[in-house]
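Trainee: Please take a close look at one part of this model, the contacts between charged side chains. I should like a connected account of where the partners lie and how far they are open to solvent.

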Amino acid sequence: KISFGKKSKAGTYSAEMSTKTNILTIYIDKNDKKRFKRGTKDKVKDAKKIISSSKNTIYGKTYFVNKSWTEPAAVGHKLEIIPTTDISKLYIGDTITLKVLFNGKPLERGYMTAVNNLSKNDNALYANIRKGQAKFVLTNFGQWKFSINKETKENDLTVSDTASATINIK
């Protein structure tokens, strides 16, 4: 739980995290069994065939407002989701706009999902990302999680970055 004292500075705050980057290699061993190994494919000794090798990092943020809204700044994650709508004044039926940055620049295109914790049986909402922005109409109150996964290639390695942002709606 986050709480503020009477003298706490007004504004929008965030708590953020990122995982350690992991590399996972999937391969077929000499006995024709599918195997998984942490590390790059050159570290796999008993491979008959390499299926894939991927590098994964996950970034997460949550946002909350003390007294009055201020637009949050980027924190420098490779992939970031930042609300540009005053989240302290959002209600059911309102539209939230989110900025999406990749390597510090607006992500030109992609898609994002949104899931509400109170309606777990409902389908996720989807929004296109255009010029670094995505918009959702909020269909319920409670905690919302916005997520994006961006995959790129580095030589024969798939690089997967996943970002999420969580906010609470009245």
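Mentor: Relative accessible area (1.4 Å probe, protein chains only) sorts residues into buried (under 20%), exposed (over 50%) and partly exposed (in between). The model is predicted, so local features need pLDDT of at least 70 and side-chain atom pairs pLDDT 80 or more, while totals for chains, interfaces and linings use all residues. Numbering starts from 1 along each chain as its sequence is written, and side-chain values use heavy atoms, without hydrogens and water.

The count comes to seven salt bridges (a side-chain nitrogen of Lys or Arg within 4 Å of a carboxyl oxygen of Asp or Glu). One of them joins Lys 48 to Asp 32, with N and O 2.5 Å apart. Lys 48 belongs to strand β4, whereas Asp 32 sits in the loop between β2 (22–29) and β3 (34–38), so that this pair bridges distant parts of the chain, 16 residues apart (strands being DSSP E runs of at least two residues, numbered from the N terminus). Both partners are open to solvent: Lys 48 is exposed at 54% relative accessibility, and Asp 32 is exposed at 51%.

Strand β4 also supplies Lys 55, whose side chain forms a salt bridge with Glu 154 at 3.9 Å between the closest N and O atoms. Because Glu 154 lies in strand β11 (residues 142–154) and Lys 55 in β4, this pair ties together parts 99 residues apart in sequence. Here both residues fall in the intermediate class, Glu 154 being partly exposed at 36% and Lys 55 partly exposed at 26%.

A further salt bridge connects Asp 161 and Lys 78, at 3.2 Å from N to O. Asp 161 is part of strand β12 (residues 157–169) and Lys 78 of the loop between β4 and β5, so the contact ties together parts 83 residues apart in sequence. In this pair Asp 161 is buried, with a relative accessible area of 2%, while Lys 78 is partly exposed at 22%.

The loop between β4 and β5 also holds Lys 67. The backbone of Lys 67 has a positive phi of about 70°, although the residue is not a glycine, and Lys 67 is exposed at 56% relative accessible area. A positive phi in a non-glycine residue recurs at Asn 103, at about 55°, and Asn 103 is located in the loop between β6 and β7 (105–106).

Definitions and conventions: Helix = DSSP H or I, 4+ residues; strand = E, 2+ residues; numbered from the N terminus.
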